[in-house]
Amino acid sequence: MKFKKEVKRHCPYCKKHTSHKVKQEKNRGKNKTHTMSRGSRLRIRLRGGDRGFGNKGKISAGAMTKWKRFNKKRTKKTDLRYLCSECRKSHIQKSGFRAGKMQFE
Ligand SMILES: [Zn+2]
């Protein structure tokens with residue numbers, strides 16, 4: 001999908017329409033964004049798991065890519081950031097839309 005590099009949007013800080021630079025945020029994995037979430041590697045390590053010999057079937061689920069329902073959806077929702085050109089503050093989009101490939105021009 002083609003998207004403009006600069007769009008005019010309402011800035012909640014300036015309280016008027018200004019031109020914004022658009023940036024697509026990279027999709028980091030769950031382990032990076034939610035380091036302490038349930039089932040994360042760090043939590044397993046804190047309670048004494050993920051060490052030594054054998055894991056009693058706790059973290060040997062295998063590679064995600066080999067799971068049956070892995071990646072059924074071919075597209076991902078966008079995560080755009082808008083940077084105001086006047087106050088240099090950035091804000092996020094309200095809700096993402098599905099797009100296979102984002103192309104900025
Ligand atoms: Zn602004």
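Donors to a metal are N, O and S atoms within 2.8 Å of the metal. In this predicted model, the zinc ion is coordinated by the SG atoms of Cys11, Cys14, Cys84 and Cys87. The coordinating distances run from 2.2 to 2.3 Å. Along the sequence, the donor residues of the zinc ion follow the spacing C-x2-C-x69-C-x2-C. Distant parts of the chain are linked in this way: Cys11 belongs to strand β2 (residues 6-11), whereas Cys87 belongs to the loop between β5 (80-84) and β6 (90-92), and the two are 76 residues apart. The angles that the four donor atoms subtend around the zinc ion range from 101 to 118°. The arrangement is therefore tetrahedral, because four donors are given that name if all angles lie between 85 and 135 degrees. Two of the donor residues may be compared by accessibility. Cys11 has a relative accessibility of 0% and so counts as buried, while Cys87, with a relative accessible area of 28%, is partly exposed.

The loop between β5 and β6 also holds Arg88 and Lys89. Arg88 is exposed, its relative accessible area being 55%. Its phi is near 60°, a positive value in a residue other than glycine. A positive phi of about 60° is also found at Lys15, again not a glycine. Lys15 is placed in the loop between β2 and β3 (16-24) and is exposed, with a relative accessible area of 67%. Such values are worth reporting because most residues other than glycine have a negative phi. Lys89 is partly exposed, at a relative accessible area of 42%. When residues up to four places away in sequence are not counted, Lys89 touches Tyr13, Tyr82, Leu83 and Cys84. Between the C-alpha atoms of Lys89 and Pro12 the separation is 9.6 Å, although these residues are 77 residues apart along the chain.

Tyr82, one of the residues touched by Lys89, also takes part in an interaction with a charged side chain. The charged end of Arg9 sits over the ring of Tyr82, at 3.8 Å from the ring centre. Tyr82 is in addition a member of the largest nonpolar core, which has six residues in all: Phe3, Val22, Leu80, Tyr82, Ala99 and Met102.

Phe3 joins this core to a group of aromatic residues, being a member of the core and of an aromatic cluster with Phe97 and Phe104. With neighbours within four places in sequence left aside, Phe3 is in contact with Val22, Leu80, Tyr82, Phe97, Met102, Gln103, Phe104 and Glu105. Its relative accessibility is 16%, so Phe3 counts as buried, the limit for that class being under 20%.

Across the whole structure, two aromatic pairs are found. In the pair of Phe3 and Phe104, the ring centres are 6.2 Å apart and the planes stand at 85°, so the pair is edge-to-face. Phe3 lies in strand β1 (residues 2-3) and Phe104 lies in strand β8 (residues 103-104), so the pair ties together parts that are 101 residues apart in sequence. In contrast to buried Phe3, Phe104 is partly exposed, with a relative accessible area of 26%.

Definitions and conventions
Residues are numbered from 1 along each chain as its sequence is written. This is a predicted model: local features need pLDDT of at least 70, side-chain atom pairs count only at pLDDT 80 or more; totals for chains, interfaces and linings use all residues. Side-chain values use heavy atoms; hydrogens and water are left out. Rings of Phe, Tyr and Trp (its six-membered ring) pair if their centres lie within 6.5 Å; planes under 30 degrees apart count as stacked, over 60 as edge-to-face and the rest as tilted. Helices (H or I, at least four residues) and strands (E, at least two) are DSSP runs, numbered from the N terminus. Buried means under 20% relative accessible area, exposed over 50%, partly exposed in between (1.4 Å probe, protein chains only). A charge sits over a ring if NZ of Lys or CZ of Arg is within 6 Å of the ring centre and within 35 degrees of the ring normal. Donors are N, O and S atoms within 2.8 Å of the metal (3.2 Å for Na, K and Ca); water is not among the atoms, so sites may look incomplete. Four donors count as tetrahedral if all angles lie between 85 and 135 degrees; four count as square planar and six as octahedral if opposite donors are over 155 degrees apart and all others between 65 and 115; anything else is irregular. Contact means heavy atoms within 4.5 Å. A nonpolar core is a set of buried Ala, Val, Leu, Ile, Met, Phe, Trp, Tyr and Cys residues joined through side-chain atoms within 4.5 Å.
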